[in-house]
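Colleague: Could you take me through one part of this model up close? I'd like the annotated binding site and what sits around it.

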Amino acid sequence: MPPASPATEAPGPPAPAPPARPWYVSAGLALAAVALLLGLAWGMARLRSPYPFYGTAYPAGTLAAPFRGVAVQGGQARPFAFTPGQGGQATALFFGFTHCASICPLSLSYLNKARAGLPPELRSRLQIVLVSVDPARDTPARLNEYVRYFGTGAGVRIPEPALGRVARAYGVAYEKAELQGAAYQINHTTATYLIDARGRLRVLWDYTQLPQVARVQADLQHVLETP
């Protein structure tokens, strides 16, 4: 005779679902999370620089890289050696090319406007330097004419492979983009690097920030006054 099966209890009614969280509680938690993230971002920015830069501040003591190329000086193409901070000069450094349709001319235009708004004694201590990422087409003479169309500054041609090393030192990427026919464009990083009179990288602006000329000018003035 088989053993009797143990008695089993019939399943009870399902447990009631926990009450739904009110929408305003969820919204409050989301806002608190956003506020926390913004606070952390603000705190990290202030750790990098107590001054509230409009651009992105570099960690204190970040040194800029020197480089060599050729630029028009005194009406002639001559060797150009960039030593960050040399002569007590601050530098707004930009990588671009003269066949650029919009970003490069706009960047140079805004940088010159920001410099023009500085007090004269500070204006004379800021130079604008354009390094070409298209050395195949940008001669020193063409660069000089291009830069001076927007104001004052230096246009520097650095041949490959030295150009690649300099670009990597500043975190700049660039590549040729073929177009129909023989023409081409250069896709490149669109940042401008502000180097102070002690040769340190202080601030980076993306070109989308440059139209805010007054805010760029404030960054420039602070760096020039606190080298």
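Modeller: Sure, let's start with Cys100, which sits in the loop between β4 and α2. Keep in mind that this is a predicted model. Cys100 comes out as buried because its relative accessible area is 13%, under the 20% cut-off. Leaving aside residues up to four places away in sequence, Cys100 touches Pro105, Tyr146 and Gln185.

The "binding site" annotation comes from an unreviewed UniProt entry, and it covers Cys100, Cys104 and His188. These residues span 89 residues in sequence, but no two of their C-alpha atoms are more than 10.2 Å apart, so they gather at one spot.

Now over to His188, which is part of strand β8 (residues 184-188). His188 also counts as buried, at 14% relative accessibility. Its contacts beyond four places in sequence include Cys104, Phe94, Phe95 and Tyr174. The His188 side chain also reaches the backbone oxygen of Phe95, at 3.1 Å.

Next, the helix that follows the Cys100 loop. Helix α2 (residues 103-116) holds Ser107, which is buried with a relative accessible area of 1%. Ser107 touches Phe94, Tyr207 and Leu210, again not counting residues up to four places away. As a whole, α2 lies across β4 (90-96), β5 (126-132), β9 and β10, and runs at about 170° to β5.

Those strands belong to an open, mixed sheet of 6 strands, ordered β1-β10-β9-β4-β5-β6. At its edges stand β1 (56-57) and β6 (154-156), each with a single partner strand, so one side of each has no neighbour in the sheet. Within the sheet, β9 (residues 191-195) and β10 (residues 201-206) pair antiparallel over 5 bridges.

Note on methods. Residues numbered from 1 in each chain as written. Predicted model: local features only at pLDDT ≥ 70, side-chain atom pairs only at ≥ 80, totals over all residues. Heavy atoms only, no water. Helix = DSSP H or I, 4+ residues; strand = E, 2+ residues; numbered from the N terminus. Buried < 20%, exposed > 50% of the residue type's maximum accessible area, 1.4 Å probe, protein only. Contact = heavy atoms within 4.5 Å. Pairing = 2+ DSSP bridges. Axes fitted to C-alpha atoms, helices over the stretch in contact; angles between N-to-C directions. UniProt positions renumbered as here; feature names shortened; annotations may be inferred. Polar contact = N/O pair within 3.5 Å; in protein donor to acceptor, adjacent residues only side chain to side chain.
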